[in-house]
Amino acid sequence: MIYRSIAALALAGSMLTPALASASENNANVSQAKGPMVHVTLKNLSNMTQNLMIQGRPVVLEANASTKVEVPAGTPVYGADNTVKLTIVKDYNGAVASFR
């Protein structure tokens, strides 16, 4: 009886592991920041459109344009290559963050 229980637990664990791994990969760009809300203006200083990801949402910065965002402190801003371009902290409230 104990051997059946151990085998069932092992089988259930092996079936859940890939599902949990893929769920964490799908949410890799979703920020779980919980801080005070920060108002920041994101400005694109280049002549090319820039694609960013903030809290799992795509943000497109047109060439030589700016966009205002309000996010919790500690939120990372990802570039198109999935690298963190900026982490918004509470000291940035009202600031302009420029991208090239």
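Which residues have the most contacts inside the largest nonpolar core? In this predicted model, the answer is L42 and F99. The close-ups below start there and then move out to the strands and loops.

**View 1. The largest nonpolar core, built from 15 residues.** Six elements each put two or more residues into this core: β1 (37-44), β2 (50-54), β3 (57-61), β4 (66-72), β6 (84-88) and β7 (96-99). The top contributor is β1, which hands over three residues.

**View 2. L42 and what it touches.** Leaving out residues up to four places away in sequence, L42 touches L52, I54 and L61. The list carries on with A65, S66, T67 and V69, and then L86, A97 and F99. That last one, F99, shares with L42 the billing for most contacts inside the core.

**View 3. The β2-β3 hairpin, with two residues between its strands.** Here β2 and β3 run antiparallel, and five bridges join them. Look for I54, whose bridge partner in β3 is R57. In the turn sits Q55, with a positive phi of about 55 degrees.

**View 4. M48, out in the loop between β1 and β2.** Is M48 buried or exposed? With a relative accessible area of 62%, M48 counts as exposed, because the bar for that is over 50%. Still, M48 has some company: setting aside neighbours within four places in sequence, M48 is in contact with L61 and A63. There's also N64, 16 residues from M48 along the chain, with 8.0 Å separating the two C-alpha atoms. L61 turns up here as well as in View 2, since L42 touches L61 too.

**View 5. The β5-β6 hairpin, with five residues between its strands.** Strand β5 covers residues 75-78 and pairs with β6 over four bridges, in the antiparallel sense. One pairing to pick out is T75, which has I88 as its bridge partner in β6. N82, in this hairpin, takes a positive phi near 65 degrees.

**View 6. The open sheet, four strands in the order β3-β2-β5-β6.** The pairing in this sheet is antiparallel. Which strands stand at the edges? They are β3 and β6; each has a single partner strand, so one side of each is left without a neighbour in the sheet. From one strand to the next, the twist averages 25 degrees. Three strands of the sheet also tie back to View 1: β2, β3 and β6 are among the elements that give two or more residues to the core.

Notes
Residues are numbered from 1 along each chain as its sequence is written. This is a predicted model: local features need pLDDT of at least 70, side-chain atom pairs count only at pLDDT 80 or more; totals for chains, interfaces and linings use all residues. Side-chain values use heavy atoms; hydrogens and water are left out. A nonpolar core is a set of buried Ala, Val, Leu, Ile, Met, Phe, Trp, Tyr and Cys residues joined through side-chain atoms within 4.5 Å. Buried means under 20% relative accessible area, exposed over 50%, partly exposed in between (1.4 Å probe, protein chains only). Contact means heavy atoms within 4.5 Å. Two strands pair if DSSP finds at least two bridges between them. Axes are lines fitted to C-alpha atoms, for helices over the stretch in contact, and angles run from 0 to 180 degrees between N-to-C directions.
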